[in-house]
Amino acid sequence: MITLKPVLEAKIEVGVVQEIGATSKGIRKMIPIVGGTFVGQEMSGTILPGGADWQLIRPDGVAEIEAHYTMKTNDGVYIYIVNKGYRHGPPDIIEKLSQGLEVEAHQYYFRSTPTFEVEKGKYDWLTRNVFVGSGERHKQYVSFKFYSC
């Protein structure tokens, strides 16, 4: 039996979507990560600017997300995260999201499997566990709740 334990909640601030265009695999987009915060029982801190979410919108309408960014804990430890997952839903709901309109999270699917890299020490437990994330897209940020399994 798998039990999910809450690890942290992140608010990831994003910049203007840059559409790369239609490729042989689908529509490629890049969404800059410009900052943010995270908080959990064992860690909290900031999300540093400079990351990005490289999305592929497949012909079936599913968005494959692959976000790379850096978190810095309040005690000064840098953590690299790669957050891969899927977002999809009814076409009218996805259209609203793309227009920056607020949509309730239960109206679409947005899940991920983050992996972490960090130096040996207080937070290296992040490199030895499996995590899942549940996301919500807002106009200027994405929020994620991450859980360990």
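**Figure 1. Lining of the largest cavity in the predicted model.** The residues that line the largest cavity divide into 10 nonpolar, two polar and three charged. In this predicted model, the lining comprises 15 residues in total, and those nearest the centre of the cavity are V14, D53, A67, V142 and F144. Two or more lining residues come from each of the strands β1 (5-14), β3, β5, β6 (63-73), β7 and β10 (141-148), and the greatest contribution is that of β6, which supplies three residues. The space enclosed in the largest cavity amounts to about 140 Å³, and the structure holds one cavity of 30 Å³ or more.

**Figure 2. Lining of the largest pocket.** The largest pocket, with a volume of about 360 Å³, is lined by 18 residues, among which K29, R87, I94, L97 and S98 lie nearest its centre. The elements that give two or more residues to this lining are β3 (26-39), β5 (51-57), β7 and α1 (91-98). By residue class, the lining of the largest pocket divides into seven nonpolar, seven polar and four charged residues.

**Figure 3. Surroundings of R87, a buried residue without a salt bridge.** R87 belongs to strand β7, which spans residues 78-88, and is one of the residues nearest the centre of the largest pocket. Although R87 is buried, it has no salt bridge, and D53, the nearest side chain of opposite charge, is 6.0 Å away. R87 therefore has no such partner within the 4 Å that a salt bridge requires. D53 is itself among the residues nearest the centre of the largest cavity. When neighbours within four places in sequence are left aside, R87 is in contact with Q55, G61, V62, A63, L97, Y108, Y109, F110 and R137; of these contacts, L97 is also listed among the residues nearest the centre of the largest pocket.

**Figure 4. The salt bridge between K5 and E42.** This pair is one of the five salt bridges found in a search of the whole structure, and its closest N and O atoms are 3.3 Å apart. The bridge links distant parts of the chain, with K5 in strand β1 and E42 in the loop between β3 and β4 (44-47), 37 residues apart. K5 counts as partly exposed because its relative accessibility is 42%, and E42 likewise counts as partly exposed, at 43% relative accessibility.

**Figure 5. The salt bridge between D75 and K122.** The closest N and O atoms of D75 and K122 are 3.2 Å apart. Here too the pair links distant parts of the chain, since D75 lies in the loop between β6 and β7 and K122 in the loop between β8 (109-118) and β9 (131-137), 47 residues apart. D75 counts as partly exposed, at 42% relative accessibility, whereas K122 is exposed, with a relative accessible area of 59%.

**Figure 6. The salt bridge between D124 and R128, and a network of charged residues.** D124 and R128 form a salt bridge whose closest N and O atoms are 3.3 Å apart. D124 counts as buried because its relative accessibility is 16%, below the 20% cut-off, whereas R128 is exposed, with a relative accessible area of 57%. Elsewhere in the structure, R58, D60 and E64 are linked in a network of salt bridges.

Methods:
Residues are numbered from 1 along each chain as its sequence is written. This is a predicted model: local features need pLDDT of at least 70, side-chain atom pairs count only at pLDDT 80 or more; totals for chains, interfaces and linings use all residues. Side-chain values use heavy atoms; hydrogens and water are left out. Helices (H or I, at least four residues) and strands (E, at least two) are DSSP runs, numbered from the N terminus. Buried means under 20% relative accessible area, exposed over 50%, partly exposed in between (1.4 Å probe, protein chains only). Lys and Arg count as positive and Asp and Glu as negative; His and the chain ends are not counted. Contact means heavy atoms within 4.5 Å. On a 1 Å grid over the protein atoms alone, a cavity is a set of points where a 1.4 Å probe fits but cannot get out, and a pocket is an open set with protein on both sides within 12 Å along at least five of seven lines; lining residues have an atom within 4 Å of a point. Grid points are joined across faces, edges and corners, and a volume is the space filled by probe spheres set on the points. Ala, Val, Leu, Ile, Met, Phe, Trp, Tyr, Cys and Pro count as nonpolar, Asp, Glu, Lys and Arg as charged, and the others, Gly among them, as polar.
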